[in-house]
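Please walk me through this structure with some care, taking the backbone, the metal site and the charged side-chain pairs in turn.

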Amino acid sequence: MAVETPDSLTSFISSVVLPSTAPNDIQGLVSKIEKKCAPELFSRVRFTIEDFLRELHIALIVVDFQNDFVNGSLSILNGPARQDPQAVIPSLNKLISLDGFKMVIYTMDWHPPNHISFYDHAKDSDRVLSAQDQKRHLKAFDVVRFESPPTEQVLYPSHCVKNTWGAALHDDVKIVENAFFVEKGTDVLVDSYSGFANNDGLKKSKLESMLRSERINGVITCGLAYDICVMYTARDAAKLGFLTTVIKDCSSGLSDEKIEEANQIFAENNIAVNTESEAELIMTSKKIPLEWISAVISQKLGIK
Ligand SMILES: [Zn+2]
């Protein structure tokens, strides 16, 4: 058997990553491996990546592509970044139509009519605003503090009230046969940005157990809003150990500043940001993002 060297490892990694990967980034990763790993362990790095590629089970998670976020009461298009969700639906449908996803999951914001995130319910008797916020005239996007339950909350117009038009998935979005649906934000007094858990982290949705039951190890995600619910869903997926990619041209974000922050969080958590055509390469040619290699060797070999 040939001895694994930094050069042979570099060419192996180059052969399995997306063709858009910068050679410098591959070089950087191999240098890190060289620093952290004895030369006789180089071959283990290759085997670990090969094992992972043999057992790749990918789920697609489409986040909150609902009427209210597209052209309803909380349309992303009205946000400061002026991104139009309707403009990404053609590429979203191409993504959804790709063969090979083991599961396709649609998350849905699914609020009761008096949800804690609605500004016109902030002074309801079942919740207590801080004294300072009680005196304010509240409007959408104000950030307030509740004494009970103790939480900070961004306020929004009423949106995605369960069983209404606003909460329905947009008509133009393709729904596959055997689709799975995950409702979030269903409790009155706690919001839920991530598809995996409430914002207080105390209550999990069924999403993780659904993925585990199908032995999913890779997650491709996209949707609305890139900088809020997609970001939190992707971050939780990565923290739970799923190799994660966000598809930017199948997503729309609210504000440029938050989009920048989201990109930072993705970079810190080995979450790749790819295009729909790169997702096609992941699904059809098993070419994977370099971030997934970093995540695999970090999880399996402790090379961080
Ligand atoms: Zn909501």
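Is D64 buried or exposed? In this predicted model, D64 is buried, with a relative accessible area of 0%. The residue also stands out in its backbone, since it has a positive phi of about 50° although it is not a glycine, and its place is in the loop between β1 (58-63) and α4 (67-71). A second residue other than glycine with a positive phi is N270, where the angle is near 55°. N270 sits in the loop between α9 (256-268) and β9 (272-274), and at 26% relative accessibility it counts as partly exposed, whereas D64 is buried.

The UniProt record, in an unreviewed entry, places the feature "domain: Isochorismatase-like" at residues 59-263. Over that range the chain is 25% helix and 20% strand, and the C-alpha atoms at its two ends are 21 Å apart.

Two peptide bonds deserve attention when the backbone is followed further. The bond that joins S148 and P149 is cis, with omega at about -10°, and P149 is placed in the loop between β4 (143-148) and β5. The peptide bond from L224 to A225 is likewise cis, with omega near -20°, and A225 is found in the loop between β7 (218-223) and α8 (226-239).

The metal site comes next. A zinc ion is coordinated by D109 through OD and by H111 and H159 through NE2, at 2.0 to 2.1 Å. Read along the chain, these donors follow the spacing D-x1-H-x47-H. H111 lies in the loop between β2 and β3 (128-129), while H159 lies in the loop between β5 (151-154) and β6, so the two histidines tie together parts of the chain that are 48 residues apart in sequence. Both H111 and H159 are buried.

D109, one of the zinc donors, also takes part in a salt bridge, its side chain meeting that of K184 with an N to O distance of 3.3 Å. This pair links distant parts of the chain, for D109 belongs to strand β2 (residues 103-109) and K184 to strand β6 (residues 180-184), 75 residues apart. Both partners lie under the 20% limit for a buried residue: D109 counts as buried at 3% relative accessibility, and K184 counts as buried at 2%.

In total, the count comes to 19 salt bridges. Another of them is formed by E276 with K94, where the closest N and O atoms are 3.9 Å apart, a value that falls within the 4 Å cut-off. Because E276 lies in helix α10 (residues 276-285) and K94 in helix α5 (residues 85-97), the pair ties together parts that are 182 residues apart in sequence. E276 is buried, with a relative accessible area of 4%.

What, finally, does R235 form with D236? The two form a salt bridge, with the closest N and O atoms 3.7 Å apart. Here the partners fall into separate classes of accessibility, as R235 counts as partly exposed at 24% relative accessibility, while D236 is buried, with a relative accessible area of 16%. Elsewhere, D133, R136, K139 and D142 are joined into one network by salt bridges that share partners.

How values were computed:
Residues numbered from 1 in each chain as written. Predicted model: local features only at pLDDT ≥ 70, side-chain atom pairs only at ≥ 80, totals over all residues. Heavy atoms only, no water. UniProt positions renumbered as here; feature names shortened; annotations may be inferred. Helix = DSSP H or I, 4+ residues; strand = E, 2+ residues; numbered from the N terminus. Buried < 20%, exposed > 50% of the residue type's maximum accessible area, 1.4 Å probe, protein only. Donors = N, O, S within 2.8 Å, 3.2 Å for Na, K, Ca; no water.
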